[in-house]
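Subject: Structure for you to look at

Hello,

Here is the structure I said I would pass on. My notes on what turned up in it follow below.

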Amino acid sequence: ALLARLLTGAAYPSTQLQVIWREMLLYQFHDILPGSSIKRVYDESVARYQALLDEVTAHSNENKRVLAGRIDTTGLTTPVVVFNTL
């Protein structure tokens, strides 16, 4: 998101990322992290973790799309873009 912002002027989703981050931290609080909670808590937190991952993946994919769209592939027969997130 930062690269897309710096290189293309795309909006940085700070509010959405902050909401996702805070909810993720909530699920690492008290009884969930040490494993002393009830089954329902784990079922619900795993479902929410998946939803949060889906949101982050969607943001990431959109930023990759924006960045890839700025690459000049004129004259290339089969252009390929590779992202190394490490």
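Helices here are DSSP runs of H or I with at least four residues, numbered from the N terminus. With that numbering, Val80 is in the segment after helix 3. Please keep in mind that this is a predicted model.

Helix 1

Helix 1 takes in residues 2–8, and Leu2 is found in it. Leu2 has a relative accessible area of 53%, so it is exposed, the cut-off being over 50%. Leu2 also belongs to a nonpolar surface patch, together with Leu3, Leu6, Leu7 and Tyr12. The accessible area of these residues together is about 550 Å².

Helix 2

Helix 2 covers residues 14–26, which makes 13 residues. Its end C-alpha atoms are 18 Å apart, and this agrees with the 18 Å that it should span at 1.5 Å a residue. Ile20, Glu23 and Met24 are the buried residues of helix 2. They sit on the same side of helix 2, because the arc they cover around the axis is only 105°. That buried set packs against helix 3. On the other side of helix 2, the exposed residues are Thr15, Trp21, Arg22 and Leu26.

Helix 3

Helix 3 runs over residues 39–69 and has 31 residues. From its first C-alpha to its last it reaches 45 Å, close to the 45 Å expected at 1.5 Å a residue. Its buried residues are Ser45, Leu52, Asn63, Val66 and Leu67. Helix 1 and helix 2 are included in what covers them.

Ser45 can serve as an example from this buried set. Its relative accessibility is 3%, and it therefore counts as buried, for which the cut-off is under 20%. Leaving aside residues up to four places away in sequence, Ser45 touches Tyr27 and Ile32.

Salt bridges

How many salt bridges does a search of the whole structure find? The search gives four, and three of these pairs are described here, including their places in helix 3.

- Lys39 and Asp43: their side chains meet at 2.6 Å, N to O. Both residues lie in helix 3, four residues apart, or about one turn of the helix. Lys39 is exposed at a relative accessible area of 60%, while Asp43 is partly exposed at 42%.
- Arg40 and Glu44: the closest N and O atoms of this salt bridge are 2.6 Å apart. The two are four residues apart in helix 3, so about one helical turn separates them. Arg40 has a relative accessible area of 57% and is exposed, whereas Glu44, at 42% relative accessibility, counts as partly exposed.
- Arg65 and Glu62: the side chains meet in a salt bridge of 2.6 Å, N to O. Both are in helix 3, three residues apart, again about one turn. Arg65 is exposed, with a relative accessible area of 52%, and Glu62 is partly exposed, with 36%.

The spacing in these pairs has a general background: an α-helix has 3.6 residues a turn, so residues three or four places apart point the same way.

After helix 3

Is Val80, in this last segment, buried or exposed? At 66% relative accessibility, Val80 counts as exposed. The C-alpha atoms of Val80 and Ala68 are separated by 9.4 Å, and the two residues are 12 residues apart along the chain.

Regards

Definitions and conventions: Residues numbered from 1 in each chain as written. Predicted model: local features only at pLDDT ≥ 70, side-chain atom pairs only at ≥ 80, totals over all residues. Heavy atoms only, no water. Buried < 20%, exposed > 50% of the residue type's maximum accessible area, 1.4 Å probe, protein only. Contact = heavy atoms within 4.5 Å. Patch = residues over 30% accessible without salt bridge, like charges linked within 9 Å, V, L, I, M, F, W, Y side chains within 5 Å. Areas by Shrake-Rupley, 256 points an atom, 1.4 Å probe, with all protein chains shown as cover. Expected span 1.5 Å × (residues − 1). Arc of directions from axis to C-beta.
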